[in-house]
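Work through the following exercises with the sequence and the structure beside you. Try each task before you read its solution.

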Amino acid sequence: MPDTSRRSYANLFRTREFTPLLLSTAAGVAAQTVSGLALGTLVFRATNSPLLSAVSMFGPALAQVVGATFFLSAADRLPPRATLVGLPLGFTLTTAALALPGLPVWGMLAVVLVKGLIASVGGGVRWGLLTEILTRDGYLTGRSLFNMMHGLLQIAGYAVGGVLVALLSPRLCLLLAAGLYVTAACVALRLSRRPPRTAGRPSVRATWRANALLFSSRPRRHLYLALWLPNGLVVGCESLYVSYDPRAAGTLFACAALGMLAGDVTVGRLLPAGARPRLGVPLLVLLATPYLVLVLHPPLPLTAVLVAVASVGFGATLVQQERLIALTPDDLSGHALGLHSSGMLTMQGVAATLAGTVAQFTSPATAMTVMALASLTVTLTLTVVSRRDAADGGLLPTRAAVRSA
């Protein structure tokens, strides 16, 4: 297969299987966006609780830690096509269940956690398959396009979802999301049948063994922490949009997605390869800093701009994922990317719960400030520790060293 690292985005669509994988993922993102906003609004109307609203939107991520601990070995040991068809069908059932009239809030939260458990293997399967379709060298360009798609659909999904929630009802929006998940499953049927990347049956022991291997190197540990913590803490800020300004939550989510899109385009296509590694830390600082202003309750136009500017910093994840791919053996690519995805989503769920708790006892604006300060502190701490290790000779290992670890 030709080197995809120099391909344009348009040329990626000439790569067999790239389009159905992208479209199936797009339908799932649209469903997740609409259902998350609808559920968060439904719970907030029923409880007037910032904590429960945040947990309902980001609670599925909390179950990711269970998958990363017990089931993640399945990411490289399950056939990708069957898995990417089955997962959306599971989401269809759980999302439709959330729309049932009379379902109590505790029942909604239980369904949300089940939904997260189903999703715990999906990231590893999807991104591992992407490394096969595009090869390692093309992964950054392809993942950048996936992130752009994610941002565009979030902009549209939150904007349209906000209108639909206001005009119709949150439950009808949940049923619409269930239909989108069915669409994702149907599109995934266009993928070719492929064997699993690794032989053997999924097991808890295999999951633990692979996790131990991936964490055996200090640079990889720092990389995973940098992928999980600063990002997740800022998502804690995002989880409070509904309680911060209920009428403008859709607008704020859309602006955040627009900023994320701008960051992905900049990092994925505009920056030269040599400049990307140097911008990882500045982007993480940008990710948190604008949220410090929201404690002053600026007017909505300024708040929207600050949110968009902050979200440009999410482009740091592309830089970090490129390093992770370079440090990971081929037969662990799905597991490594799944661990990144599961850990990131878990941290987002934890941060949403923490932010909601702080907001419950103070205010959403105060909680956003606390989460932003925590993100900056983690970023600066990891930077200092990583540079100290590099100065002591703890340089990044070669791929051969990774294989023998």
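**Exercise 1.** Decide whether Phe146 is buried or exposed in this predicted model.

Solution. The relative accessible area of Phe146 is 1%, and a residue counts as buried when this value is under 20%. Phe146 is therefore buried. Phe146 also appears among the residues with the most contacts inside the largest nonpolar core, which has 85 residues. Apart from that core lies another one of 13 residues, among them Val43 and Leu174.

**Exercise 2.** Classify the aromatic pair formed by Trp127 and Phe146, and find where its two members lie.

Solution. A pair of aromatic rings is described by the distance of the centres and the angle of the planes. For Trp127 and Phe146 the centres are 5.2 Å apart and the planes stand at 85°. Since an angle over 60 degrees counts as edge-to-face, that is the class of this pair. Next, locate the residues: Trp127 lies in helix α7 (residues 122–134) and Phe146 in helix α8 (residues 139–167), so the pair ties together parts that are 19 residues apart in sequence. Trp127, with 9% relative accessibility, counts as buried. Finally, look at what surrounds the pair: ring pairs link Trp127 and Phe146 with Phe13 and Phe18 into a cluster, while Arg143 lies over the face of Trp127 at 3.7 Å from the ring centre.

**Exercise 3.** Do the same for the rings of Tyr241 and Phe253.

Solution. The ring centres of Tyr241 and Phe253 are 4.8 Å apart and the planes are at 65°, so this pair is edge-to-face. Tyr241 belongs to helix α12 (residues 241–244) and Phe253 to helix α13 (residues 249–270), which means that the pair ties together parts 12 residues apart in sequence. Both Tyr241 and Phe253 are buried.

**Exercise 4.** State which helix holds Gln320, and decide whether this residue is buried or exposed.

Solution. Gln320 is found in helix α16 (residues 316–326). Its relative accessibility is 7%, so Gln320 counts as buried. Leaving aside residues up to four places away in sequence, Gln320 touches Leu223, Ala226, Leu227 and Leu284.

**Exercise 5.** Find which helix has the lowest mean pLDDT and which the highest, and set these beside the mean for the protein.

Solution. The mean pLDDT of the protein is 82, and 91% of its residues reach 70 or more. Among the elements, helix α15 (residues 300–311) has the highest mean, 94, whereas helix α19 (residues 399–404) has the lowest, 38. Over residues 394–405 the pLDDT is below 50, and this stretch has 25 contacts in the model beyond near neighbours in sequence.

Conventions:
Residues are numbered from 1 along each chain as its sequence is written. This is a predicted model: local features need pLDDT of at least 70, side-chain atom pairs count only at pLDDT 80 or more; totals for chains, interfaces and linings use all residues. Side-chain values use heavy atoms; hydrogens and water are left out. pLDDT is the predictor's confidence in each residue, from 0 to 100. Helices (H or I, at least four residues) and strands (E, at least two) are DSSP runs, numbered from the N terminus. Contact means heavy atoms within 4.5 Å. A nonpolar core is a set of buried Ala, Val, Leu, Ile, Met, Phe, Trp, Tyr and Cys residues joined through side-chain atoms within 4.5 Å. Buried means under 20% relative accessible area, exposed over 50%, partly exposed in between (1.4 Å probe, protein chains only). Rings of Phe, Tyr and Trp (its six-membered ring) pair if their centres lie within 6.5 Å; planes under 30 degrees apart count as stacked, over 60 as edge-to-face and the rest as tilted. A charge sits over a ring if NZ of Lys or CZ of Arg is within 6 Å of the ring centre and within 35 degrees of the ring normal.
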